[in-house]
Amino acid sequence: MSRRLSRRDLLKLGAGLAVAGVLGCEGEEAATPTPGTPSAGQAPSGPPVKVGVLVPTSGVYTALGRDMLNGYNLYFQQVNFTAGGRRIELITEDETGDANTALTRARKLIEADRVEVFTGVVSTAAVYAMRDLLHQSRTLSIITNAGGNDLTRGRKSPYIFRTSFTSWQVSFPLGKWVADNLTKRVAIMYADYGFGQESQAAFRESFTAAGGQVLDAIPYPLGNSDFSSVIDRIRAARPDAVYGFASGSDAVLFLRQFAQAGLRGRIPLAVTGFMVEQDVLQSVGRDALDAYSSLHWAVTLDNPTNRRFVEEYRRRYNEFPSVFTMQAYDGARVIVEVLNAVNGDTSDPDRLVRAAEAVRFDSPRGLFEFDPVTHNVIQNVYLRQVRDQGGQVVNVVVTDLGRIRDPG
């Protein structure tokens, strides 16, 4: 799905951000360094550090890849693409929507381009496919999206870190909240691949434990073009709410068709945050109003680091960041802090691992730290609701669902 915007869209995005308390300005080239950000205090010396970036620039998750690239660039620009006394050189490949192609591109980055750090990856299927390559090559890998549980559980590797989430981490807290606060009768719809399957299972686990009943579970194929059959099954189940997982263009199409079917406002949505994240809201607008979701960040999250992050992003790109932007932004910071800690010496993979394990900082999402056993991020998960604030359709934090450590 393309994220190209008309000038009218840009002007709308630029108008009044009361929710974040900032106003962006178009065309500024340099972002203000964030307090606490490592600075490039010395001139670069030696060859550049090659960082391989694998994100989708085509297919259903094109918008996510674009947001991630923006996040990397925003942070690296703050340190002048320099860390540990060396320049940072990004080598980017298209992940596409196919796991085998993604593996081929990852192999090219590691074996042909000889990158010293690897980052990116949207798809759970893709990251599972390349896990052994990353592990056996001992490449420090900072995964900034793909949330498959097993990557930091049964298939964890000392060389793989994740700045994003697990499917369990995002959806498990939502199930109990829905059962306790919204309804005990839901229908479930989800993208029928690894992450979607894991997400609905995590929601179901806590929802049913709290006394909830799943009336129907409806899978759909990734890259779906028509949700009419899914919506028909939702109607037939007569739920009091719908839990769902969709992302990218799938989420846009479902939300539009759900509203067109007259169900928005009649059947509440309580979904994974990706389904109503800023990249989606930019396309569907008011069709998503009132939807609840769980996620580890929101554009309106009220802390100083997030306010600066949103302001800097809007100054450069004249639009709101998304969670995919934030995860990549934090991933870039991890890379910079590791390179600074080892003074740019990437010759010892195990030393890089130890440096990454020690990374801890104030992120736009709140306190950021890695689980020392799994290398998955430990983070708070928030219950959000889509609202109109100051003419902007955004996610507003309703409550903090707690600091969640994946049980891996």
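In this predicted model, helix 8 runs over residues 248-260. Its 13 residues reach 19 Å from first C-alpha to last, close to the 18 Å expected at 1.5 Å a residue. A good part of the helix is tucked away from solvent, going by the list of buried residues: G248, S249, D250, A251, V252, F254, L255, Q257 and F258. The cover over these residues includes helix 2 (62-78), helix 7 and helix 9 (278-284), along with strand 7 (185-191) and strand 8 (213-220). Just after helix 8 comes G262, with a positive phi near 80°.

Among those covering elements, helix 7 (residues 228-237) packs against helix 8 at about 50°, the two axes lying 10 Å apart. That angle makes helix 7 oblique to helix 8, and the crossing is right-handed. On the helix 7 side the contact is made by S228, V230, I231 and I234, which meet F254, Q257 and F258 of helix 8. Sorted by class, that comes to five nonpolar residues, two polar ones and no charged ones. F254, Q257 and F258 also turn up among the buried residues of helix 8.

Two loop residues stand out for their backbone. Most residues other than glycine have a negative phi. D290, though, is a non-glycine residue with a positive phi near 80°; its place is the loop between helix 9 and strand 11 (292-295). N343, not a glycine either, has a positive phi of about 55° and sits in the loop between helix 11 (323-341) and helix 12 (349-357). As for solvent, D290 is partly exposed, at a relative accessible area of 46%, whereas N343 counts as exposed at 58%.

Technical notes. Residues numbered from 1 in each chain as written. Predicted model: local features only at pLDDT ≥ 70, side-chain atom pairs only at ≥ 80, totals over all residues. Heavy atoms only, no water. Axes fitted to C-alpha atoms, helices over the stretch in contact; angles between N-to-C directions. Helix = DSSP H or I, 4+ residues; strand = E, 2+ residues; numbered from the N terminus. Parallel < 35°, antiparallel > 145°, perpendicular 65-115°, else oblique. Left-handed = near helix turned anticlockwise from the far one by under 90°. Contact = heavy atoms within 4.5 Å. Nonpolar A, V, L, I, M, F, W, Y, C, P; charged D, E, K, R; others polar. Expected span 1.5 Å × (residues − 1). Buried < 20%, exposed > 50% of the residue type's maximum accessible area, 1.4 Å probe, protein only.
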